[in-house]
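Student: Pick one crossing and give me a close look at it. Then carry on to the rest of the packing and pairing, and spell out your cut-offs as you go.

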Amino acid sequence: MTQTQLDQMVHGFQKHVAQCILKLREKHILPVTVQQDVVAEMQLITSEIHDAYRAMFVTFCEEQHIAPDDQLSGMGHYLNSSNSVFANAFTNLDSDYKLNKFIATNFANVKVQEIVMAHYPSGKPAKFSYVPVSSVLELTLSNVDIRDHILSRNTVLSSGDCFSSYSDGSVFNEHAFFTENPNALRLHFYLDEFEVCNPIGSKRGKHKVLAVYYIIGNLDSKYCSEMKFINLCLLVRYQHLQQFDPHYAIVLKPLIEELEKLATDGINIDADGNVYNFRAALATFSGDNLSAHSLAGYQRHFNCGRICRFCMANYDEIHVSFREDAYVVRNKEVHDYHLQALEVSEANGALYGVLHRCPLIDLPYFDVTTAFVPDIMHDMLEGVIPNVTQKIVQKAVQDKLVTVDILNDRLHEVSRGLNDRPNPFTPRMLKQSGSIVGSAAQKWQLYLMLARILGTYIDKNDASWEVYLLLRDITDVVFAPVVSSSSLVHLEGLVFQFLTQFVAVFGSTSVTPKFHYMIHYARLIRMYGPLRQLWCMRFEAKHQYFKSVISSLGNYITVAGTMAHRHQMRQCLEFSCYDILSCEPFCVSTTKSLHMSCLPAELRSAIAVRLQADVDVTDPVTLTQRLRRLHVTYSVDSCFVVAVVEQEEIPVYVHIKYIVLFRDTWILCGRLCFCARFHRHIHAYRVNIDNDWAIVYPGEEVDYNAHDYFIVDECSFITSKYHVPARTL
Ligand SMILES: [Zn+2]
């Protein structure tokens, strides 16, 4: 073996060790001390292995009467040496500083920039952490799988029949930049403030951070909810912003400069002898209403004045006027006029609800009135939905139709085995001023299950139940990942009916701004495509990661910097793995290894037909209860839409009975359920179950969310979380 070969081998080993430590460190968010322990242990194991082989080698030489150094010159020297050739491999990795340096030179990664925004009177600098967008895009597009995926998905012009992504909407199709560059990268940004640790007592607000994340909209939507494709742009302590940069002009400056360059020159990726040029532009900004209004320059309160960023509605009007055409819709011209008026007199700010200029207007293609999208997570899941749920349950209890105990028994029964199991009802929750507590996902689950919990106790013509049913019709469209233009025709009328009925039952003072925003949804879906694809839900999971970084490391001094650095290390790790777009299913529950004989004979025959394979009762199979592929979870007893009957848009479901691994292929085995009749009172289809087995491969479903299957009076029912139109995803 030559010295060069040996060096290469040692370097390869060193890279492998570095990647292994990086993986352990970032996956489990290990503190530096633990990381160093791991390195020391690995070093020890390596030298022990060397010593063991050395002893074996010496014994072998003695038995064979060979002098090690003489006859096996090079190799003998390495094997008989007291130090392993791999011992030195650790000297570059045995401190945090050295490991980071090694990773920076040997792996593709994007470094965080710590930028000083101002100085406190004490001289202490106020910094923010910025991750350059062009470098992240370069890293992403240097990956051949992602690059090929994006290049293969060049934008096709929308037919206007169906909205399945942002590029189907009018904002994209009339956009100043994207009409010229339809295949450019669409960057969907998100901003939010969050507490990095439990906000109780005097510490509240102390560790609050503003975060800006973004995704590349050109990736298939099935990847966009994966944490690794949500990129970090900016982290800054909220205190610094309040003190020095209330309008975000300083912290967004580097981003705006980069975006200007990305729109004109783009980035070049040199790969396999070709140069690929990618341009990019900001497509949308998501956030809760407060964050969106703060950045866009609108008023930051919602209990008087101009509470809407989509129209000129005054707080007083929203309780009586439920059609969009009763309001003046905001647009670029209107907004420019408001900004001019603001220059004339600050008093005009309160008059129009526009308090300052949004720094992003520096981008030539940017329009404040179309860039800040609605967020159905905050408006619906944390606003309208729990509000309506609470009022209906409260009224049913007050009218003595049902007791809290009965409700909780029903809830317990209905929610058995669910991931986002709602919290039980409490008397406090059901007071006039009470509210539903829990996460957005729990609130949604409770709302969907309400028909099963409360439906049987309520009369068919109950006025408050009609409010619920109208809202279910609305959320069927608003929460759908794909929306057909035919369902949008009815949406505006449905919202009008819902608000009218809501006011008739619960009074006009119950209407909050979040109820008002619904009147814009039909138009907003035509503008942006399905609102679900722009909601904050997917981004908020990222906050959890950052919170766990801080709680594991216990570093409260340089919160933003630490979180950003660790995030970039994790990204480095994720991009060092080969199959970043992997679609392979994996189990998320325990598995059982059995034989084919454990499955019914008819099912074995169905598997043989579908897999075109001979199936024997002695063949091994693995069974599991839950399987995951991308962000879809398949569980035994859940229902997926596998087809939609074209004209009437009626779904066909598969009710999963077994999840089976047979000859390296995961399959879902179940019964097809055909809809017989829609029962409006419980918002569910009564279904007939097919006698034959259906075999479905994960990913073959038409829609990626599980829908609920239940039995009432020995009849089978399925309730959909939303309407699935006749179109494959
Ligand atoms: Zn409005």
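Tutor: The crossing of α1 and α5 is left-handed, meaning that the near helix is turned anticlockwise from the far one by less than a right angle, where clockwise would make it right-handed. Before going further, bear in mind that this is a predicted model, in which local features need pLDDT of at least 70 and side-chain atom pairs count only at pLDDT 80 or more, while totals for chains, interfaces and linings use all residues. Residue numbers start from 1 along each chain, following the sequence as written.

Back to the crossing. The axes of α1 and helix α5 (residues 96-106) come within 11 Å and cross at roughly 115°. Axes here are lines fitted to C-alpha atoms, for helices over the stretch in contact, and the angles run from 0 to 180 degrees between N-to-C directions. Helices (H or I, at least four residues) and strands (E, at least two) are DSSP runs, numbered from the N terminus. At that angle α1 and α5 are therefore roughly perpendicular to each other; the bins are under 35 degrees for roughly parallel, over 145 for roughly antiparallel, 65 to 115 for roughly perpendicular, and oblique for the rest.

Who's actually touching? On α1 the contact uses Lys15, Ala18, Ile21 and Leu22, and on α5 Leu99, Phe102, Ile103 and Asn106 (contact means C-beta atoms, placed from the backbone, within 7 Å). Sorted by class, that contact of α1 with α5 has 6 nonpolar, 1 polar and 1 charged residues. Here Ala, Val, Leu, Ile, Met, Phe, Trp, Tyr, Cys and Pro count as nonpolar, Asp, Glu, Lys and Arg as charged, and the others, Gly among them, as polar.

Now stay on α1 (residues 3-27), which also packs with helix α24 (residues 559-576), at about 130° and with the axes 10 Å apart. α1 and α24 are therefore oblique to each other, and α1 passes α24 in a left-handed crossing. The residues involved are Gln19, Leu22, Lys23 and Glu26 of α1, and Arg566, Met569, Arg570, Leu573 and Ser576 of α24. That contact of α1 with α24 divides into 3 nonpolar, 2 polar and 4 charged residues. Leu22 turns up in the α5 contact and again in the α24 contact.

On the domain map, an automatic or database assignment gives domain 1 (3-106), domain 2 (113-288 + 537-576), domain 3 (298-355), domain 4 (376-533) and domain 5 (586-719). The centres of domain 1 and domain 4, taken over C-alpha atoms, are 61 Å apart.

For another helix pair, look at α20 (residues 485-506) and α22 (residues 521-528), whose axes are 8 Å apart at an angle of about 150°. That makes α20 roughly antiparallel to α22. Leu488, Leu491, Glu492 and Val495 of α20 meet Tyr521, Ala522, Ile525 and Arg526 of α22. The class tally for α20 with α22 is 6 nonpolar, no polar and 2 charged residues.

On to the strands. An open sheet of 6 strands runs in the order β1-β2-β6-β5-β4-β9, with mixed pairing (strands pair if DSSP finds at least two bridges between them). β1 (113-119) and β9 (280-286) are the edge strands with a single partner each, so one side of each has no neighbour in the sheet. From one strand to the next, the twist averages 25°. Within the sheet, β4 (residues 185-195) and β5 (residues 208-216) run antiparallel and are joined by 9 bridges, and Asp192 stands opposite Ala211 in β5. Helix α11 (residues 253-264) packs on the sheet, touching β1, β2 (125-130), β6 (231-237) and β9, with its direction at about 135° to that of β9. Helix α12 (residues 289-296) lies across β4 and β9, at about 115° to β4.

One last stop, further along the chain. β18 (residues 665-679) and β19 (residues 684-696) pair antiparallel over 10 bridges, with Cys673 opposite Ile689 in β19. They form a hairpin with 4 residues between them, and His683 in the turn has a positive phi of about 50°. β19 also pairs with β21 (residues 715-719), antiparallel over 3 bridges, and Arg686 sits opposite Phe717 there.

Notes. Contact = placed C-beta atoms within 7 Å.
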